[in-house]
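Grab a pencil and work through a few short exercises on the structure below. Try each task before you read its solution.

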Amino acid sequence: MIEPESRAEPAPVKVTCPDCGHVRVAPTDLRLVVVEAPGSSFYVFLCPGCEKRVRREVTKDVAGALLARRVPAVRSVGGG
Ligand SMILES: [Zn+2]
């Protein structure tokens, strides 16, 4: 049975692990790192499948989608 995702609950976010493929993690288990240089932002998460820390670069659109889902974000500081 396939049910539509509920918008009322914090639905898991589908992310990609190089070893496990698509996995789902809670938004709070993700961390988005926003870098000012275009195309340099990325997210990190601890894969529930292989328990490795995974880092994936994201596009601006994906970063925006993650922010919309309340994924915690930090802004990378370039110093100076
Ligand atoms: Zn994995």
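**Exercise 1. Work out the order of the strands in the open sheet and say how they pair.**

Step 1: In this predicted model, 4 strands make up an open sheet, and their order is E5-E4-E3-E6. The pairing is mixed.

Step 2: Now look for the edges. Strand E5 (53-57) and strand E6 (73-75) are the edge strands, each pairing on one side only.

Step 3: Going from one strand to the next, the twist averages 20°.

**Exercise 2. Walk across the sheet from E5 and give the direction and the number of bridges for each pair.**

Step 1: Start with E5 and its neighbour E4 (residues 42-46): they run antiparallel and are joined by 5 bridges. You can check this on two residue pairs: Phe42 sits opposite Glu57 in E5, and Val44 has Arg55 in E5 as its bridge partner.

Step 2: Move on to E3 and E4. These also run antiparallel, with 4 bridges between them. Here, Leu32 faces Tyr43 in E4.

Step 3: Finish with E3 and E6, which pair in the parallel sense over 3 bridges. For an example, take Val33, whose bridge partner in E6 is Val74.

**Exercise 3. Find the hairpin and describe its turn.**

Step 1: The two strands to pick are E4 and E5, which form a hairpin.

Step 2: Between them lie 6 residues.

Step 3: Check the backbone in the turn, and you'll find that Glu51 has a positive phi of about 60°.

**Exercise 4. Place the helix in the chain and against the sheet.**

Step 1: List what you have: the protein holds 1 helix and 6 strands.

Step 2: Put them in order. Starting at the N terminus, the elements run β-β-β-β-β-α-β.

Step 3: See what the helix leans on. Helix H1 (residues 60-68) packs on the sheet and touches E3 (30-34), E4 and E6. The direction of H1 makes about 135° with that of E3.

**Exercise 5. Decide how far to trust the model, then take stock of its contacts and burial.**

Step 1: The average pLDDT of the protein is 88, and 85% of the residues score at least 70.

Step 2: Compare the elements. H1 has the lowest mean pLDDT, at 92, while E4 has the highest, at 96.

Step 3: Keep a rule of thumb handy: where pLDDT is low, don't read the predicted coordinates in detail.

Step 4: Turn to the contacts with a separation of 6 or more: 46% of them come from residues 24 or more positions apart.

Step 5: Last, burial. Of the protein's 80 residues, 15% count as buried.

Key: Residues numbered from 1 in each chain as written. Predicted model: local features only at pLDDT ≥ 70, side-chain atom pairs only at ≥ 80, totals over all residues. Pairing = 2+ DSSP bridges. Axes fitted to C-alpha atoms, helices over the stretch in contact; angles between N-to-C directions. Contact = placed C-beta atoms within 7 Å. pLDDT = per-residue confidence, 0-100. Buried ≥ 20, exposed ≤ 12 C-beta atoms within 10 Å, placed from the backbone.
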